[in-house]
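Look over the sequence and the model before reading on. The paragraphs below go from single residues to the whole chain.

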Amino acid sequence: MSGLSAHDEYQFHDRREAGHRWLWLVLRGLGVAFWGLVTFGLTFVELVAEVVAPLLLMLGGLWWALGQVVAALPIPPEIQPMVQSFPKQLVASGYVLTPSGLIVQGLWLLAVVAACRTLNGIIAKQT
């Protein structure tokens with residue numbers, strides 16, 4: 001004989017189950033909060049890249065096209081010094097910007113958008 005009635009053992013078991021349920025709810029809440037922060041970060045990066053990528057692509061493409069048009073024009077000799085000063089690259093805060101570099105950076109940002117959307121989709125299916 002254990003000295004406890006069947007009723008006492010049942011209450012002890014209920015308290016232990018309630019403790020496990022509480023722990024499970026806390027862990028579940030922490031998991032939801034963690035994945036919520038990860039999703040927030042991915043969505044933020046995605047939105048910023050979604051805005052900046054087209055700008056870089058357009059600026060790089062327009063700069064490249066303008067350079068091609070200027071190079072193809074028949075230019076009188078008195079204007080050639082001004083046309084020769086058309087920038088092939090810009091240096092801003094130590095960064096060298098070129099038309100092809102802007103286009104490549106825009107494409108990389110589009111890849112970042114696709115990766116963020118893919119990861120957000122995977123997270124949504126797993127949680």
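Is Leu-55 buried, partly exposed or exposed? The model is a predicted one, and in it Leu-55 has a relative accessible area of 45%. Buried would require under 20% and exposed over 50%, so Leu-55 counts as partly exposed. Leu-55 sits in helix 1, which runs over residues 6–72.

Leu-55 is also one of the residues of a nonpolar surface patch of about 930 Å². The other members are Phe-40, Phe-44, Val-45, Val-48, Val-51, Val-52, Met-58, Leu-62 and Val-112. Helix 1 gives the largest share of this patch, 9 residues.

Next come the aromatic rings. How many aromatic pairs does the count come to? There are 2 aromatic pairs. In one, the ring centres of Phe-34 and Trp-35 are 4.9 Å apart and the ring planes stand at 75°, so the pair is edge-to-face; the cut-off for that class is over 60 degrees. Phe-34 is partly exposed, because its relative accessibility is 47%. Trp-35 is partly exposed too, at 35%.

The rings of Phe-40 and Phe-44 make up a pair as well, with centres 6.4 Å apart and planes at 20°, so this pair is stacked. Phe-40 and Phe-44 are 4 residues apart in helix 1, which means that about one helical turn separates them. Both Phe-40 and Phe-44 are exposed, and both belong to the nonpolar patch described above.

Charged side chains are the next topic. How many salt bridges does the count come to? The protein has 2 salt bridges. In one of them the side chains of Glu-46 and Arg-117 meet, at 2.7 Å from N to O. Glu-46 belongs to helix 1 and Arg-117 to helix 3, so this salt bridge ties together parts of the chain that are 71 residues apart in sequence. Arg-117 also forms a salt bridge with Glu-50, where the closest N and O atoms are 2.0 Å apart. This pair, too, links distant parts of the chain, with Arg-117 in helix 3 and Glu-50 in helix 1, 67 residues apart. Glu-46, Glu-50 and Arg-117 are thus linked in a network of salt bridges.

How much of each of these three side chains is covered can be read from the accessibilities. Glu-46 counts as buried because its relative accessibility is 11%, and the limit for that class is under 20%. Arg-117 has a relative accessible area of 47% and is therefore partly exposed. Glu-50, at 30%, is partly exposed as well.

Which residues does Glu-46 touch, not counting those up to four places away in sequence? They are Val-113, Cys-116, Arg-117 and Asn-120. Of these, Arg-117 is the salt-bridge partner. Asn-120 is found in helix 3 and is buried, because its relative accessible area is 14%. Leaving out residues up to four places away in sequence, Asn-120 touches Thr-39, Leu-42, Thr-43 and Glu-46. The contact between Glu-46 and Asn-120 therefore joins two residues that are both buried, Glu-46 at 11% and Asn-120 at 14%.

The chain as a whole can now be described. The protein has 3 helices and 2 strands, and along the sequence they follow the pattern α-α-β-β-α. Among contacts with a separation of 6 or more, 79% are between residues 24 or more positions apart. The salt bridge of Glu-46 with Arg-117, whose parts are 71 residues apart in sequence, spans such a separation. Of the 127 residues in the protein, 13% are buried, and Glu-46 and Asn-120 are among them. The protein exposes about 10,000 Å², of which carbon and sulfur atoms supply 72%.

What is the mean pLDDT of the protein? The mean is 87, and 85% of the residues reach 70 or more. Confidence is highest in helix 3 (residues 99–126), at a mean of 95, and lowest in helix 2 (residues 80–84), at 83. Helix 3 is the helix that holds Asn-120 and Arg-117.

Conventions:
Residues numbered from 1 in each chain as written. Predicted model: local features only at pLDDT ≥ 70, side-chain atom pairs only at ≥ 80, totals over all residues. Heavy atoms only, no water. pLDDT = per-residue confidence, 0-100. Buried < 20%, exposed > 50% of the residue type's maximum accessible area, 1.4 Å probe, protein only. Contact = heavy atoms within 4.5 Å. Phe/Tyr/Trp six-rings, centres within 6.5 Å; stacked < 30°, edge-to-face > 60°. Patch = residues over 30% accessible without salt bridge, like charges linked within 9 Å, V, L, I, M, F, W, Y side chains within 5 Å. Areas by Shrake-Rupley, 256 points an atom, 1.4 Å probe, with all protein chains shown as cover. Salt bridge = Lys/Arg side-chain N within 4 Å of Asp/Glu carboxyl O.
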